[in-house]
Amino acid sequence: MIDVNNETDVSVDEVEFAELATYVLNEMHVADGAELAILFVDEAAMEQLHLQWMDEPGPTDVLSFPMDELRPGTADAPTPAGLLGDIVVCPTVAARQAATAGHTPEEEMLLLTTHGILHLLGYDHAEPEEEKEMFALQRRLLLTFLAGRA
């Protein structure tokens, strides 16, 4: 079950984000019964979460809160159902990043959502090799999702 909630004044296509999450989880061979929440918040709420959980001031773009520590499965052995976790995205921070990166705020939020799901599945980018693997996977997943909906 994928739950998408927008607590901001920014327009967010909640169905598209649910479809993206479904696509990514299917590609990562996570069972259909896995639970994921995607929450869009304003900068004040994101700053509070960022300070509380990361001990860093200021709002950030995305935070991931894994629950059952589910990991990617395989076609023959999908990840069992469970509570994958929560992703929190800040649309206004994403919009600033999108302007710098040269794409739309929606594309940035789709990228951040993909990034957040990969964090929930245990991917990280603290080390150069981890970063290379995670960002390549993130790019492939997002581009194939976008190509499939065109």
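In this predicted model, F40 keeps plenty of company: leaving aside neighbours within four places in sequence, F40 is in contact with V4, N5, N6, E7, T8, V12, F17, V89, P91 and M109. F40 also turns up in the largest nonpolar core, a set of 32 residues in which M28, L36, F40 and I117 touch the most other members. The elements giving two or more residues to this core are α1, β2 (35-40), β4 (83-89), α4 and α5. The top contributor is α4, with six residues. Another core sits apart from this one and has seven residues, including L63, F65, V88 and V93. As a general backdrop, nonpolar side chains in soluble globular proteins tend to be buried together.

Aromatic pairs come next. A pair of aromatic rings is described by the distance of the centres and the angle of the planes. The count here comes to three such pairs. In one of them, the rings of Y23 and F145 have centres 5.9 Å apart and planes at 50°, so the pair is tilted. Since Y23 belongs to helix α1 and F145 to helix α5 (residues 128-149), this pair ties together parts that are 122 residues apart in sequence. The two partners differ in burial: Y23 counts as partly exposed at 22% relative accessibility, whereas F145, at 8%, counts as buried.

A second pair brings together W53 and F65, whose ring centres are 5.7 Å apart; the planes stand at 70°, so this pair is edge-to-face. W53 sits in helix α2 and F65 in strand β3, twelve residues apart, and the pair links distant parts of the chain. Here, too, accessibility is split between the partners. W53 counts as exposed, at 52% relative accessibility, while F65, at 17%, falls below the 20% limit and therefore counts as buried. F65 is also one of the members of the seven-residue core.

Strand β3 features again in the largest pocket, which has a volume of about 300 Å³. Its lining is made up of 15 residues, and those nearest the centre are M54, V62, L63, S64 and H119. At least two lining residues come from each of α2 (43-54), β3 (62-66) and α4 (105-120), and β3 gives the most, with five. By type, the lining divides into seven nonpolar, six polar and two charged residues. L63, one of the residues nearest the pocket centre, is also listed among the members of the seven-residue core.

Two glutamates in helix α1 are worth a look together. E16 has its place in α1, which spans residues 14-27, and is buried, with a relative accessible area of 6%. Beyond neighbours within four places in sequence, E16 is in contact with E106, L110, F145 and R149. F145 thus meets E16 as a contact and Y23 as a ring partner. E27 lies in α1 as well, but E27 is partly exposed, its relative accessible area being 32%. The contacts of E27, again leaving aside neighbours within four places in sequence, are R140 and L141. As for longer reach, E27 and T100 are 73 residues apart along the chain, and their C-alpha atoms are separated by 29 Å.

The loops hold a couple of backbone oddities. Most residues other than glycine have a negative phi. H29, however, has a positive phi, near 60°, without being a glycine. This histidine is found in the loop between α1 and β2 and counts as partly exposed, at 29% relative accessibility. D55 is likewise no glycine, yet has a positive phi of about 55°. The loop between α2 and β3 is where D55 lies, and D55 is exposed, with a relative accessible area of 64%.

H29 also features in a pairing with P80: the two are 51 residues apart in sequence and 9.3 Å apart in space, C-alpha to C-alpha. P80 lies in the loop between β3 and β4. At 55% relative accessibility, P80 counts as exposed. Not counting residues up to four places away in sequence, P80 touches A31 and L70.

Note on methods
Residues numbered from 1 in each chain as written. Predicted model: local features only at pLDDT ≥ 70, side-chain atom pairs only at ≥ 80, totals over all residues. Heavy atoms only, no water. 1 Å grid on protein atoms, 1.4 Å probe; cavity = no way out; pocket = protein on both sides within 12 Å on 5 of 7 lines; lining within 4 Å. Points joined across faces, edges and corners; volume = space filled by probe spheres on them. Helix = DSSP H or I, 4+ residues; strand = E, 2+ residues; numbered from the N terminus. Nonpolar A, V, L, I, M, F, W, Y, C, P; charged D, E, K, R; others polar. Buried < 20%, exposed > 50% of the residue type's maximum accessible area, 1.4 Å probe, protein only. Contact = heavy atoms within 4.5 Å. Phe/Tyr/Trp six-rings, centres within 6.5 Å; stacked < 30°, edge-to-face > 60°. Core = buried A, V, L, I, M, F, W, Y, C linked by side-chain atoms within 4.5 Å.
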